[in-house]
Amino acid sequence: MASRKPSVRHPSHNHPLRGQKALAEEETICSGCDLDLIGAAFKCTKSECEYFLHKSCFELPRETRHKSHPDHPLTLLYSPPYESSTYECSACSEYGSGFVYNCSICQFDLHVGCISMAESVEREGHEHPLTLLYCSPYTNGLIVKCDVCQETVPDHLWSYYCKECDYGTHLHSCEVEEEVEPKRGAGGGGGKASTSGNKGGGRGSAASELAAMLEAQREMERMQIELHMEMQRAKIAKKARKACLKLI
Ligand SMILES: [Zn+2]
Ligand SMILES: [Zn+2]
Ligand SMILES: [Zn+2]
Ligand SMILES: [Zn+2]
Ligand SMILES: [Zn+2]
Ligand SMILES: [Zn+2]
């Protein structure tokens, strides 16, 4: 007994959960954010129950404020508050079926993944950092077009933008091909951007090699998450369409 980790409770689930490390090859999905479960996670202690949570999803605050919705606090709900059991994310317009940050006054809903998107990111293919915008950068009625996939970004959706170059992209990476090369301080996926830029001198030391390896690993995970998100989105959209058809 002494070697077993203690179980913990989370209000989203009836059974106790226990900490574990989730591996990519297990291909499990977080029951909170619907994304691939990798890294520190919690699993339901009941063997027959497939309930998993990222550690980060486990720790999400019950109430938060977000710049994109300054007038009201947002409440974390463990399932969508709508009859359809899905919601449309106000940031990316994709459907969601798990955890959601909701403003019940405005029917404003955010994916837990979207709410934690970094305010500034570096993206392959653009030399400047891109800034997260919560609406169109144009006030003159110009239409925002994603400079990566060339599709329109509707005015009310979030995007990443470089003012200097008038370069904009969808919130989520829509690039078909991405390089596996680790980026320094990219800070994507809501992680804290590291400021400890190695200035070459420390190269070759075991510590910096390890750091580089970890960074590469993190980049891989990020890409896998993004890839999975695409698949998941397609699935959720299909599910939502079915649910809608049933309502008609
Ligand atoms: Zn999660
Ligand atoms: Zn359970
Ligand atoms: Zn979203
Ligand atoms: Zn509101
Ligand atoms: Zn795009
Ligand atoms: Zn630029």
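**Strands, core and loops of a predicted model**

Strands E2 and E3 (residues 39-44) run antiparallel and are joined by 6 bridges. This is a predicted model. Within this pairing, Gln-20 stands opposite Ala-41 of E3. Strand E2 spans residues 17-22 and also pairs with strand E1 (residues 7-8). That second pairing is antiparallel too, over 2 bridges. One of its bridges links Ser-7 to Arg-18 in E2. Strands of a sheet pair through backbone hydrogen bonds, in either a parallel or an antiparallel sense.

Now take the whole chain. The protein has 16 strands and 3 helices. It comprises 248 residues, of which 26% count as buried. Consider contacts with a sequence separation of 6 or more. Residues 24 or more positions apart account for 50% of them.

A second set of strands deserves a look. Four strands form an open sheet in the order E5-E6-E9-E10, with antiparallel pairing. Why do E5 and E10 stand at the edges? Strand E5 (63-64) and strand E10 (108-110) each have a single partner strand, so one side of each has no neighbour in the sheet. At the E10 end, the pairing with E9 is antiparallel and uses 3 bridges. Asn-102 has Asp-109 in E10 as its bridge partner.

Next comes the interior. In soluble globular proteins, nonpolar side chains tend to be buried together. Here the largest nonpolar core holds 36 residues. Which of them touch the most other members? They are Ala-91 and Leu-110. Several elements give two or more residues to this core: E2, E3, strand E4 (52-54), strand E6 (74-77), strand E9 (100-103), helix H2 (112-115) and strand E15 (159-162). The pair E2 and E3, joined by 6 bridges, is thus on the list of contributors. From the open sheet, E6 and E9 are on that list as well.

Ala-91 shows how the core is wired. Leave aside residues up to four places away in sequence, and Ala-91 touches Leu-110, His-111, Cys-114, Leu-157, Trp-158 and Leu-171. Leu-110 is in this group, and it shares with Ala-91 the top place for contacts with other core members.

Back to E2 and E3, and to the loop between them. Ile-29 lies in that loop. Is Ile-29 buried or partly exposed? Its C-beta has 16 others within 10 Å, so Ile-29 is partly exposed; a buried residue would need 20 or more. Ile-29 touches Asp-34, Asp-36, Leu-37 and Phe-52, not counting residues up to four places away in sequence. Phe-52 is 23 residues from Ile-29 in sequence, yet their C-alpha atoms are 7.0 Å apart.

The backbone also calls for a check of phi. Most residues other than glycine have a negative phi. Glu-27 has a positive phi, near 50°. Glu-27 lies in the loop between E2 and E3, where Ile-29 is also found. Glu-27 is exposed, because 11 other C-beta atoms lie within 10 Å and the limit for exposure is 12 or fewer.

Ser-85 has a positive phi as well, near 65°. Ser-85 is found in the loop between E6 and strand E7 (87-88). Is Ser-85 buried or exposed? With 12 C-beta neighbours inside 10 Å, Ser-85 counts as exposed.

Definitions and conventions
Residues are numbered from 1 along each chain as its sequence is written. Chains are lettered from A and ligands numbered from 1 in the order in which they are written. This is a predicted model: local features need pLDDT of at least 70, side-chain atom pairs count only at pLDDT 80 or more; totals for chains, interfaces and linings use all residues. Two strands pair if DSSP finds at least two bridges between them. A nonpolar core is a set of buried Ala, Val, Leu, Ile, Met, Phe, Trp, Tyr and Cys residues joined through C-beta atoms within 7 Å. Two residues are in contact if their C-beta atoms, placed from the backbone, lie within 7 Å.
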